[in-house]
Amino acid sequence: MTNEEFKDVIDALDDVLESERAALLEGNLDEVGRLLERKEALIDELSQLELASREPLENLNSKVQRNQALLDQALEGIRTVARRLAAMRRVRSSLDTYDEKGERRTIDVTPEGVVEKRA
């Protein structure tokens, strides 16, 4: 591969990383998924090259690390929402109380009948 082809791969990967960052900041996880395939293909191309200089890769590495931190934060946000939704479902289906000894008791709240609302 020529120096020009190498530069083209580096530039293409840089563009993908910038697009990935923008998608992460917007919360557009669908776009992040679409960009992943292109990013992997470009990284595969780079891994097969003999490099004369590591400097362009060091710049890309900092962007990869930056994007990984953003992705980690997005995933933690998703986990937090999932935990909150699970807690809300639990609240709807049971009630936790404590007895006189301080032991927790769970009372299942399952509607046995249908409540009809009338105006």
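**Helix packing, hairpin and cavity in a predicted chain**

V64 counts as partly exposed because its relative accessibility is 34%. Here buried means under 20% relative accessible area, exposed means over 50%, and partly exposed lies in between, with a 1.4 Å probe and protein chains only. The structure is a predicted model, in which local features need pLDDT of at least 70 and side-chain atom pairs count only at pLDDT 80 or more, while totals for chains, interfaces and linings use all residues. Residues are numbered from 1 along each chain as its sequence is written, and side-chain values use heavy atoms, with hydrogens and water left out.

V64 sits in helix α3. Its C-alpha lies 9.3 Å from that of D14, at a sequence separation of 50 residues. R34 belongs to helix α2. R34 is exposed, because its relative accessible area is 53%. Between R34 and E20 the C-alpha distance is 9.3 Å, with 14 residues separating them along the chain.

The chain holds 3 helices and 2 strands. Helices (H or I, at least four residues) and strands (E, at least two) are DSSP runs, numbered from the N terminus. Their order along the sequence is α-α-α-β-β. Of the 119 residues in the chain, 19% are buried. Contacts, defined by heavy atoms within 4.5 Å, were also sorted by sequence separation. Among those between residues at least 6 apart in sequence, 51% join residues at least 24 apart.

Helix α1 covers residues 3-26. The expected span of a helix is 1.5 Å times one less than its number of residues. For the 24 residues of α1 this gives 34 Å, and the end C-alpha atoms are 35 Å apart, so the two values agree. Buried positions in α1 are F6, V9, I10, A12, L13, V16, L17, E20, A23 and L24. These buried residues pack against α2 (29-47) and α3 (55-93). G27 follows α1 and has a positive phi, near 75°.

Helix α3 has 39 residues, so its expected span at 1.5 Å a residue is 57 Å; its end C-alpha atoms are 57 Å apart, which agrees. L60, K63, N67, L70 and A87 are the buried residues of α3. Their cover includes α1 and α2.

The two strands form a hairpin. Strand β1 (residues 94-98) and strand β2 (residues 104-108) pair in the antiparallel sense over 5 bridges. Pairing requires at least two DSSP bridges between the strands. L95 has I107 in β2 as its bridge partner. The hairpin leaves 5 residues between β1 and β2, and G102 in the turn has a positive phi of about 85°.

Internal space was examined next. Rolling a probe the size of a water molecule over the atoms shows where empty space is left. On a 1 Å grid over the protein atoms alone, a cavity is a set of points where a 1.4 Å probe fits but cannot get out; lining residues have an atom within 4 Å of a point. Grid points are joined across faces, edges and corners, and a volume is the space filled by probe spheres set on the points. The count is 1 cavity of 30 Å³ or more. The largest cavity encloses about 40 Å³. Its lining consists of E20, L24, K39, V64, N67, Q68 and L71. α1 and α3 each supply at least two of the lining residues. The largest share, 4 residues, comes from α3. By class, the lining has 3 nonpolar, 2 polar and 2 charged residues. Ala, Val, Leu, Ile, Met, Phe, Trp, Tyr, Cys and Pro count as nonpolar, Asp, Glu, Lys and Arg as charged, and the others, Gly among them, as polar.

Methods: On a 1 Å grid over the protein atoms alone, a cavity is a set of points where a 1.4 Å probe fits but cannot get out, and a pocket is an open set with protein on both sides within 12 Å along at least five of seven lines; lining residues have an atom within 4 Å of a point.
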